[in-house]
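Hi there,

Here is the structure I promised to pass on to you. Have a look at it first, and then read my notes below with the model open beside you.

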Amino acid sequence: MSKKKNIASPITASLGTGRVVKNTGSSYIVRLQSGKEAACRIKGNFRIKGIRTTNPVAVGDIVEVSKAADDADYITAILPRSNYIIRRASNLSKESHILASNIDLAILVATLREPATTTTFIDRFLATAEAYSVNAALVINKEDMWDDIDRELADALKNLYSSIGYPVFFVSAATGDGLTELTGFISGKISLLAGNSGVGKSSLINALVPDANLKTGEISDIHHTGTHTTTFSEMIDLPGGGALIDIPGVRGFGTIDFKPEEVGHFFPEIFRFSRECRYSDCKHTGEPGCAVIPAVENHYISESRYASYLSILEEASEEEGADKYRKPF
């Protein structure tokens, strides 16, 4: 006996356009222009510019919504994105995952302990924001837990990243310290909020949006890492205007589709010095006439940032080499 094909119901009426505000796994919640929210499924092919992505529709997308004969609501088209930001779906994957689209700001929430956010993670996030032309900022949470050594480290990180051009905020979601300044900065903007599991994103959102009531997790006593309390991406309106896009916590931040010759462009201070290199295609790994390596040796570029650059460069070079031998099907 042959199986009956599952044929989607024909579209009967357009509901207009709206913004995707949540991904529930089985559907997307779209806030229509009327203010009503609709749980929508996908109808059609949404591959954008050949991006190999695990989620063709992202929170922040402006979409067209239609009602079908079975009374279900469907996303039938994605309007052009003003921008988007992606990361590698997994360390072994060649696919990307769209974190958010149509955003004004990408904020990384970091912590100095329980868990400690590495500078490599910070730099990979910032480089990705640069690659997709999204303004970025750094929020260092759990200030209430710092001792004198932590304070010195926090000040050093602030001096480093603010000197490059990234706004840096010290906050405590537990006590409310620093939240007034942060609130003023994000008000009226649509901001992506990312970070390792356990850095307190949910607690921070609850402090910024009192009625958000997001679930918060505990830190593992053994591994000093957090648990995933955010399962799917969601847009949360700010009381003073604007919104935060909360995404699940990640343990690593893999870059994807970076060309080796472009990696230096995504580190503003390295790019500035690279203009003085003898060769325009200098990779800053020992080539004659390189201006970047002397800048590192003379502390105009931090060693941690240069190490992060090299790690991304190596990853990009390996990926490019693999692509040369990959069959075109």
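**A buried aspartate to start with**

Asp61 counts as buried, because its relative accessibility is 0%, and the cut-off for buried is under 20%. Please keep in mind as you read that this is a predicted model.

To find Asp61, go to the loop between strand 3 (37-42) and strand 4. What does the side chain of Asp61 pair with? Its partner is the side chain of Ser101, and the two are joined by a polar contact of 2.7 Å. If you set aside the neighbours within four places in sequence, Asp61 is also in contact with Gly18, Arg19, Val20, Pro56, Ile78, Arg81 and Asn102, as well as with Ser101 itself.

**The next loop along**

Now move to Ala72, in the loop between strand 4 (62-68) and strand 5 (73-78). Is Ala72 buried or exposed? Ala72 is buried, since its relative accessible area is 12% and the limit is under 20%. Leaving out neighbours within four places in sequence, the contacts of Ala72 are Arg41, Ser66 and Lys67. Try picking out Cys40 as well: Ala72 and Cys40 are 32 residues apart along the chain, and their C-alpha atoms are separated by 7.3 Å.

**The whole chain**

Stepping back, the protein chain has 329 residues, and 47% of them count as buried. You can count 7 helices and 13 strands in it. Of the contacts with a separation of 6 or more, 66% are between residues 24 or more positions apart. The chain exposes about 16,800 Å², and carbon and sulfur atoms supply 50% of that area.

**Two helices to look at**

Helix 1 covers residues 119-131. How does the span of helix 1 fit its 13 residues? At 1.5 Å a residue it should span 18 Å, and the end C-alpha atoms are 18 Å apart, so the two agree. Its buried residues are Phe121, Ile122, Asp123, Arg124, Phe125, Leu126, Ala127, Thr128 and Ala129. Just after helix 1 comes Ser133, with a positive phi of about 55°.

Helix 2 (residues 148-164) has 17 residues and reaches 25 Å from its first C-alpha to its last, close to the expected 24 Å. Its buried residues are Asp150, Ala154, Leu157, Leu160, Tyr161 and Ile164. Looking down the axis of helix 2, you will see these buried residues fall within an arc of 130°, so they line one face of the helix. Which exposed residues does the face turned away from the buried side of helix 2 carry? They are Asp148, Glu152, Asn159 and Ser163.

Both ends of helix 2 deserve a glance too. At the N-terminal end, Asp147 acts as a cap, with a side-chain oxygen 3.1 Å from the backbone nitrogen of Ile149. After the helix comes Gly165, whose phi is positive, near 125°.

**Into the core**

Tyr161, one of the buried residues of helix 2, turns up again here. The largest nonpolar core has 54 residues, and Tyr161, Leu192 and Ile245 touch the most other members. Separate from this core is another one of 22 residues, including Ala173, Ile205, Ala212 and Leu214. Neighbours within four places in sequence aside, Tyr161 is in contact with Thr119, Ile122, Asp123, Leu126, Leu138, Tyr166, Val168 and Arg305.

Enjoy exploring, and write back if anything is unclear!

Best wishes

Notes
Residues are numbered from 1 along each chain as its sequence is written. This is a predicted model: local features need pLDDT of at least 70, side-chain atom pairs count only at pLDDT 80 or more; totals for chains, interfaces and linings use all residues. Side-chain values use heavy atoms; hydrogens and water are left out. A nonpolar core is a set of buried Ala, Val, Leu, Ile, Met, Phe, Trp, Tyr and Cys residues joined through side-chain atoms within 4.5 Å. Buried means under 20% relative accessible area, exposed over 50%, partly exposed in between (1.4 Å probe, protein chains only). Contact means heavy atoms within 4.5 Å. Helices (H or I, at least four residues) and strands (E, at least two) are DSSP runs, numbered from the N terminus. Accessible areas come from the Shrake-Rupley method with a 1.4 Å probe; for residues, only the protein chains shown count as cover. A polar contact is a pair of N or O atoms within 3.5 Å; within protein, one must be able to donate a hydrogen and the other to accept it, and residues adjacent in sequence count only if both atoms are side-chain atoms. The expected span of a helix is 1.5 Å times one less than its number of residues. The arc is that of the directions from the helix axis to the C-beta atoms.
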